[in-house]
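Please find below a colleague's note on the structure, written for a reader who has not met it before.

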Amino acid sequence: MRASHVIYAVMDLDAAVRDWRERGFCVEYGKPKHPFNALIYFSTGPFIELIQVQKTTRMVRFFISLSKFIGLKHVHARFKKILNSEHEGWIDFCIEQDAGDLRPSIERVNRLGFSGNHLKHSNRRDTHGNNLKFQNYFPDDPDMPFLMSYYSIDPKPQNYVHPNGVSHIQKIRLSTSQRCADAIAALSDDPCLEVSVANNGLKIHSVDFGYVAK
């Protein structure tokens, strides 16, 4: 598995999109109508997801409430933590399977001692009209990154460099518990990940960007 994306909490999605665009990044909303997130893609490697917290859409709030009611308590806990964030900044992280059904990776996670909730049929229609299908797995331990299958349609631009010269994410520095750090190491050897051990929850400390050589 490899780094999928890092989540950045924002209080005002439209303002955040303007800010990241002014910093020279190409940003697209997650969906055409009533978006609650926006994406910053790179041709290779992980991408960035901006998520509106505190005042998000009614549909998202309804889904979070419903998830607890239908027994998806780990989905509920993960999104409740994100959406109730009182501060902007890096807040969560995901690792992904290169392609195909997510179940083999889930079985590996289960063998490492984790249980969780598997969302088998997630989808999102992006601003280009693509229906992106994917699966998610939310572990019972909130200090463990969640899992994702790769999109059914690749949304990343080919051979793209952002106007500010950024071509990819070079390094993601995070800390988590010893148990979860060991699990990440067992699941992924992605060189862009730098994982340290700390007992204060899953924390993303910094994200470094790579630039096209001049």
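The numbered points below take up strands, aromatic rings, cysteines and single residues in turn.

1. Status of the model. The structure is a predicted model, and the remarks that follow should be read with that in mind.

2. The three-stranded sheet. One open sheet has three strands in the order β10-β9-β11, and its pairing is mixed. Its edge strands are β10, residues 193-197, and β11, residues 203-211, each of which pairs on one side only. From one strand to the next, the twist averages 15°. Strand β9, residues 166-176, runs antiparallel to β11, and eight bridges join the two. Within this pairing, Arg173 stands opposite Ser206 in β11. As a general point, strands of a sheet pair through backbone hydrogen bonds, in either a parallel or an antiparallel manner.

3. The β6-β7 hairpin. Strands β6, residues 116-125, and β7, residues 131-139, are antiparallel and are joined by eight bridges. They form a hairpin with five residues between them. The turn includes Gly129, which has a positive phi of about 90°. His118 has Tyr137 in β7 as its bridge partner.

4. Aromatic rings. How many aromatic pairs does the structure hold? The count is 12. One of these pairs is formed by Trp20 and Phe25, which are tilted, with 5.4 Å centre to centre and 55° between the planes. Trp20 is buried because its relative accessibility is 3%, under the 20% cut-off. Phe25, at 7% relative accessibility, likewise counts as buried. Trp20 and Phe25 also belong to one aromatic cluster together with Tyr8, Phe42, Trp90 and Phe209.

5. Charges over rings. Trp20 has a further partner: the charged end of Arg23 sits over its ring, 4.0 Å from the centre. A second arrangement of this kind involves Arg179, whose charged end sits over the ring of Phe114 at 3.9 Å from the ring centre.

6. Cysteines. A search of the whole structure finds zero disulfides. Why does Cys180 form no such bond? The closest cysteine sulfur, in Cys94, is 14 Å from the sulfur of Cys180, which is too far because a disulfide requires sulfur atoms within 2.5 Å. Cys180 is buried, with 0% relative accessibility, whereas Cys26 is partly exposed, with a relative accessible area of 40%.

7. Surroundings of Val53. This residue lies in the loop between β4, residues 47-52, and α2, residues 58-69. Is Val53 buried or exposed? Val53 is buried, with a relative accessible area of 0%. Neighbours within four places in sequence aside, Val53 is in contact with Ala9, Val10, Met11, Ile82, Leu83 and Ser85. Ser105 is 52 residues from Val53 in sequence, and the two are 29 Å apart in space, C-alpha to C-alpha.

8. Positive phi outside glycine. Which loop holds His34? His34 is found between β2, residues 28-29, and β3, residues 37-40. Although His34 is not a glycine, its phi is positive, at about 50°. His34 is exposed because its relative accessible area is 65%, over the 50% cut-off. Asn159 is not a glycine either, and has a positive phi of about 50°. The loop that contains Asn159 runs between β8, residues 146-149, and β9. With a relative accessible area of 77%, Asn159 is exposed.

Definitions and conventions
Residues are numbered from 1 along each chain as its sequence is written. This is a predicted model: local features need pLDDT of at least 70, side-chain atom pairs count only at pLDDT 80 or more; totals for chains, interfaces and linings use all residues. Side-chain values use heavy atoms; hydrogens and water are left out. Helices (H or I, at least four residues) and strands (E, at least two) are DSSP runs, numbered from the N terminus. Buried means under 20% relative accessible area, exposed over 50%, partly exposed in between (1.4 Å probe, protein chains only). Contact means heavy atoms within 4.5 Å. Two strands pair if DSSP finds at least two bridges between them. Axes are lines fitted to C-alpha atoms, for helices over the stretch in contact, and angles run from 0 to 180 degrees between N-to-C directions. Rings of Phe, Tyr and Trp (its six-membered ring) pair if their centres lie within 6.5 Å; planes under 30 degrees apart count as stacked, over 60 as edge-to-face and the rest as tilted. A charge sits over a ring if NZ of Lys or CZ of Arg is within 6 Å of the ring centre and within 35 degrees of the ring normal.
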